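Hi everyone, thanks for coming. I'd like to walk you through one structure today, so please have it open in front of you.

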Amino acid sequence: MDQQKIEEQIAAYPVCEYAFVKVSDLVFLDRVRYICETECPQYAKSWSCPPAVGTVEECRQRCGRYTGGFLFTTVAEVNDIADMKETLATRMEHEEITRRIREIFLAQCDEVQALSTESCAICGSCSYPDAPCRHPDRMFPCIESYGILVTDLAERYGISFSNGGNVVTWFSLLLFR
């Protein structure tokens, strides 16, 4: 993999910060998953969320098969960070950037797994659990749904997750081999 070439291509996108990360630096915690179970309205309603993504241990093992990772952020300014409708409306641009950066990695890597933000929102109504995902090539599981403590990873690699009062910071993690 040509890291310099990837960095040159990524420069075309509004990526705020990024780092190539070691898969061994990913921290998996059941308590991260507990937040999904107790606080997220999408729990058990989407292929991108638990329990559909597997147990935290299964997710850890799946991630362990990759040789490297790429963590990146985009940011969006909103009028009121507490307005979830306005905040979530900025997410789809981040998801599109994640798709495009994933394509950059796919051109050089045998396999790429993208983990991104929140629950998938491609379909108006997810087919889970009655039928397979309609868009498995476009659906990115949520980083936290895997039990990954993304704030720890960001701190370890010097990536900010608090960028101001009305600034939304979106994270994606690409795992590759």
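I'll start with the sheet, then turn to the rings, the helices and a few places in the loops. One thing to keep in mind throughout is that this is a predicted model.

Let's begin with the sheet. Four strands make up an open sheet, and reading across it the order is β1-β2-β4-β3, with antiparallel pairing. Which strands stand at the edges? They are β1, residues 17-21, and β3, residues 112-115. Each of these has a single partner strand, so one side of each is left without a neighbour in the sheet. From one strand to the next, the twist averages 15°. As a quick reminder for anyone who hasn't looked at sheets in a while, strands pair through backbone hydrogen bonds, and the pairing can be parallel or antiparallel.

Now let's go through the pairings one at a time. β1 and β2 run antiparallel and are joined by 5 bridges. If you look for tyrosine 18, you'll find it opposite phenylalanine 72 in β2. Next, β2 and β4 pair over 10 bridges, again in the antiparallel sense. Within that pairing, valine 75 has threonine 169 of β4 as its bridge partner. Finally, β3 pairs with β4, residues 167-176, over 4 bridges, also antiparallel. There, valine 112 has phenylalanine 176 of β4 as its bridge partner.

How much of β2 is buried? The count is 8 of its 10 residues, so β2 is largely enclosed by the rest of the structure. One element to look at here is helix α5, residues 91-106, which lies across β1, β2, β3 and β4. Relative to β4, α5 runs at about 25°.

While we're on α5, take a look at glutamate 96, which has its place in that helix. Glutamate 96 counts as partly exposed because its relative accessibility is 34%. Its C-alpha atom is 21 Å from that of asparagine 163, and the two residues are 67 residues apart along the chain.

On to the rings. The count of aromatic pairs comes to 8. One of them is tyrosine 18 with phenylalanine 20, an edge-to-face pair with 6.5 Å centre to centre and 85° between the planes. How do these two compare with the solvent cut-offs? Phenylalanine 20 has a relative accessibility of 19%, so it counts as buried, while tyrosine 18, at 34%, counts as partly exposed. Both rings belong to one aromatic cluster made of Tyr18, Phe20, Phe70, Phe72, Phe105 and Phe176.

There is a charge and a ring to look at, too. Arginine 177 has its charged end over the ring of tyrosine 66, 4.7 Å from the ring centre.

Next comes helix α2, residues 30-39. Which of its residues are buried? They are Val32, Arg33 and Cys36. These cover an arc of only 100° around the axis, which puts them on the same side of α2. On the other side, Asp30, Arg31, Tyr34 and Glu39 are exposed. As for what covers the buried residues of α2, that includes α3, residues 56-64.

Let me finish with the loops, beginning with the one between α2 and α3. Alanine 44 lies in it, and has a phi near 65°, a positive value in a residue other than glycine. Alanine 44 is partly exposed, with a relative accessible area of 34%. Proline 51 lies in that loop between α2 and α3 as well, and the peptide bond leading to it from proline 50 is cis, with omega near 0°.

Another cis peptide bond goes from tyrosine 128 to proline 129, with omega near -5°. You'll find proline 129 in the loop between β3 and α6, residues 150-156.

Last stop, proline 14, in the loop between α1, residues 3-10, and β1. What is it in contact with, leaving aside its neighbours within four places in sequence? The answer is Thr73, Thr74, Glu93 and Ile97. The C-alpha atoms of proline 14 and valine 75 are separated by 8.4 Å, with their positions 61 residues apart along the chain.

That's my tour, and I'm happy to go back to any part of it.

How values were computed: Residues are numbered from 1 along each chain as its sequence is written. This is a predicted model: local features need pLDDT of at least 70, side-chain atom pairs count only at pLDDT 80 or more; totals for chains, interfaces and linings use all residues. Side-chain values use heavy atoms; hydrogens and water are left out. Buried means under 20% relative accessible area, exposed over 50%, partly exposed in between (1.4 Å probe, protein chains only). Helices (H or I, at least four residues) and strands (E, at least two) are DSSP runs, numbered from the N terminus. The arc is that of the directions from the helix axis to the C-beta atoms. Contact means heavy atoms within 4.5 Å. Rings of Phe, Tyr and Trp (its six-membered ring) pair if their centres lie within 6.5 Å; planes under 30 degrees apart count as stacked, over 60 as edge-to-face and the rest as tilted. A charge sits over a ring if NZ of Lys or CZ of Arg is within 6 Å of the ring centre and within 35 degrees of the ring normal. Two strands pair if DSSP finds at least two bridges between them. Axes are lines fitted to C-alpha atoms, for helices over the stretch in contact, and angles run from 0 to 180 degrees between N-to-C directions.
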